[in-house]
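Take a look at the model below. A short tour follows, beginning with a single residue and then widening to the whole protein.

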Amino acid sequence: AWEPLPAGSSGSRARVIRDAGGHWASPFIRQVVERRVMDVYQNHTFRPLHPVTRGDLAEVCCRLLGGPSVTGESGSEADIPDLSRDHRLYHCVRRLVDLGLLERFPDDTVRINSAAAGSEAHRLVSAIHRQGVAP
């Protein structure tokens, strides 16, 4: 287990990550957790060997963009057939779709529970970085 991360200047609680210490990406995992781009599960695991879902990717990209804010009315529920407007990720997904960052499938679904391809994650984070938003 890692030692708790030092509390940030904003008074945020330190994070403990139990399962990433020996992983090749542990320094990067620690950075994204410290910066609140990604979070650990309630049991203090990060699960670095589990696939990232498209929903997880959308949430991370929204955080990089500064939040899930959507400008104007987002349309009807039918505009994303597999995601209701009251889902916790709706506004993140809607924002990324509106920005042309998150691609839909031919049936207009976004499939937030499907595994995200590495190429998709790279494309999204690179596009956000090119916009000068991400660190």
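Which residues does Leu101 touch, not counting those up to four places away in sequence? Leu101 touches Leu65 and Leu96. Leu101 also touches Arg123, Leu124, Ala127, Ile128 and Gln131. Keep in mind that this is a predicted model.

Leu101 also belongs to the largest nonpolar core, which has 22 residues. Leu101 is among the residues with the most contacts inside this core. The others in that group are Leu83, Val93, Leu96, Leu102 and Val110. Now look at the elements behind this core. Helix H2 (54-64), helix H3 (90-98) and helix H4 (118-130) each give two or more residues to it. H2 supplies the largest share, five residues.

There is also a second core, separate from this one. It has seven residues. Among them are Ala20, Ala25, Ile29 and Phe46.

Step back to the overall fold. The protein has four helices and zero strands. Along the sequence, the pattern reads α-α-α-α.

How much of the protein is buried? Of its 135 residues, 34% count as buried. The protein exposes about 8,200 Å². Carbon and sulfur atoms supply 52% of that area.

Finally, consider how far apart in sequence the touching residues lie. Take the contacts with a separation of 6 or more. Residues 24 or more positions apart account for 58% of them.

Notes. Residues numbered from 1 in each chain as written. Predicted model: local features only at pLDDT ≥ 70, side-chain atom pairs only at ≥ 80, totals over all residues. Heavy atoms only, no water. Buried < 20%, exposed > 50% of the residue type's maximum accessible area, 1.4 Å probe, protein only. Contact = heavy atoms within 4.5 Å. Areas by Shrake-Rupley, 256 points an atom, 1.4 Å probe, with all protein chains shown as cover. Core = buried A, V, L, I, M, F, W, Y, C linked by side-chain atoms within 4.5 Å.
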